[in-house]
Amino acid sequence: MLMVGLTGGIGSGKSAVAARLAERGACVVDADRIAREVVAPGTEGLAEIVAAFSDRVLDAGGALDRAALGALVFGDEDARRRLEAITHPRVRARTAELVAAAAPDAVVVNDVPLLVEVGLAPTYHLVVVVRTAVATRLERLARDRGMPAAEAGRRIAAQADDDRRRAVADVLLRNDGSLDDLYAAVDALWRDRLLPYERNVRQRRAVLPGRVVLAEPDPTWAEQYARLAARIRHAAAPADPRLDHVGSTAVPGLAARNVIDIQLTVGSLAEADGPLADRLAEAGFPRVPGDRWDAPRPGDDGRWEERLHGSADPGRPASLRLRVAGSPGWRHALLTRDHLRAEADQRVAYQRVKRELAATAPDDGAYTTAKEPWFAEECRRAEEWAVRTGWRP
């Protein structure tokens, strides 16, 4: 089962995306619809809201007057938090029931308007954000809902802004064009990413690199790492392990294969082989069979002290290496990264080597093996740098 979080600001067109995904076969869980169910007439949720805000929030028929309630809570932080304390636990419980009833191979899309605001992003395999210009959203709210401009602006301001949503977005769907354009983007997402991602999670299969293609430095690699790290940390809870962005994508300005390298620190390989391995697989980071991604390094007697997991997401390859704190491989990853970050000349030299080898040894194994002579010298230089600067991991 693949768990997808879908969000977007009011008036962004998120509902149109959810409807299209449902047409394609997704199991859509609508948080707004559930939120209405849990405060329907006769429910405990509605009784608690009346107790908190008085019967001014009821209409003539005894149902919740959402406009009246909205007028009380929007712009009043304390009131909003009181309302959320009543509704959110009930919405979560009902959501869990619906997810449990979905098929084992389902793509479950949780349509959650406040996904960012309540910090739910790490709980999903993938987060899709629908982004639309504020002017377009204001126009749609006036046209489709008859909402006055001042009220629409107030509601938009009460939600997370575009920058906060972009920070959690694995997929950003722009919806400033036609509905056909939006549907085409959703269909491509379903076909090329969601369906294969679901299969990979269910079959515990990582997306492994093949032919070596170097990408130009991407300033968003650090943000992409942060999203993956938050997901990994959630999977490891209640433990709070050390996570580090390592490898070439962790060195600003360095061309690299578009694979995010992550190091998770464990106390022992037994810990890495325990329940943590299953939790990581369920979160979309299955174990790589045989622990072979790269060729072994010189001097490691043929094996790293590590366990290797990879991303099941075809749209975001990643390697996740579980290494014991203080082990040679653990220290080497941190030292090499920090040395290359600090020494521009070595960064330039390494990039030159990478480009030459990518052109002459494009196979993953051959490329990695061919870099070893340079890395042997880099280890020596990095150790000298560590002594000179007092570096500590």
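What share of the 393 residues of the protein chain counts as buried? The share is 48%.

## Model and confidence

The structure is a predicted model. Mean pLDDT over the protein chain is 89, with 96% of the residues at 70 or more. Confidence varies along the chain: helix α15 (residues 364-370) has the lowest mean, 72, and strand β7 (residues 243-246) has the highest, 98.

## Overall dimensions and composition

Taken along the principal axes, the box filled by the C-alpha atoms of the protein chain is roughly 80 × 45 × 40 Å. The secondary structure of the chain consists of 16 helices and eleven strands.

The protein chain has an accessible surface of about 18,200 Å², and carbon and sulfur atoms account for 54% of that area. For contacts between residues at least 6 apart in sequence, 71% link residues at least 24 apart.

## The four-stranded sheet

One open sheet contains four strands in the order β7-β9-β11-β10, with mixed pairing. Its edge strands are β7 and β10 (306-310), each of which pairs on one side only. On average, and with direction ignored, neighbouring strands of this sheet are turned by 25° against each other. Helix α13 (residues 328-342) packs on the sheet and touches β7, β9 and β11; the direction of α13 makes about 50° with that of β7.

The pairings can be followed across the sheet from β7. Strands β7 and β9 run antiparallel and are joined by four bridges, with H245 opposite I262 in β9. Next, β9 pairs with strand β11 (residues 318-324) in the parallel sense over seven bridges; here L264 has L322 of β11 as its bridge partner. At the other edge, five bridges connect β10 and β11 in the antiparallel sense, and H309 is matched with L320 in β11. In general, the strands of a sheet pair through backbone hydrogen bonds, in either a parallel or an antiparallel manner.

Why is strand β9 (residues 260-266) largely enclosed by the rest of the structure? Six of its seven residues are buried, which means under 20% relative accessible area for each of them.

## Strands β4 and β5

Strands β4 and β5 are paired in the parallel sense, over four bridges. In this pairing, V130 has L173 of β5 as its bridge partner.

The side chains of β5 (residues 171-174) alternate between two faces. V171 and L173 point to one face and are buried, whereas L172 and R174 point to the other and are not buried. L173 thus appears both as the partner of V130 and on the buried face of β5.

## The largest nonpolar core

The largest nonpolar core comprises 32 residues. Within this core, the residues with the most contacts are I49, F53, L64, L69, V108, L115 and V127. At least two core residues come from each of α2 (31-37), α3 (44-53), α4 (66-73), α5 (77-100) and β4 (126-131). The greatest contribution is that of α5, which supplies five residues.

V108 is one of the residues with the most contacts inside the core. Leaving aside residues up to four places away in sequence, V108 touches M1, L2, M3, V4, C27, V29, V99 and A102.

How values were computed:
Residues are numbered from 1 along each chain as its sequence is written. Side-chain values use heavy atoms; hydrogens and water are left out. pLDDT is the predictor's confidence in each residue, from 0 to 100. Buried means under 20% relative accessible area, exposed over 50%, partly exposed in between (1.4 Å probe, protein chains only). Two strands pair if DSSP finds at least two bridges between them. A nonpolar core is a set of buried Ala, Val, Leu, Ile, Met, Phe, Trp, Tyr and Cys residues joined through side-chain atoms within 4.5 Å. Contact means heavy atoms within 4.5 Å. Axes are lines fitted to C-alpha atoms, for helices over the stretch in contact, and angles run from 0 to 180 degrees between N-to-C directions. Accessible areas come from the Shrake-Rupley method with a 1.4 Å probe; for residues, only the protein chains shown count as cover.
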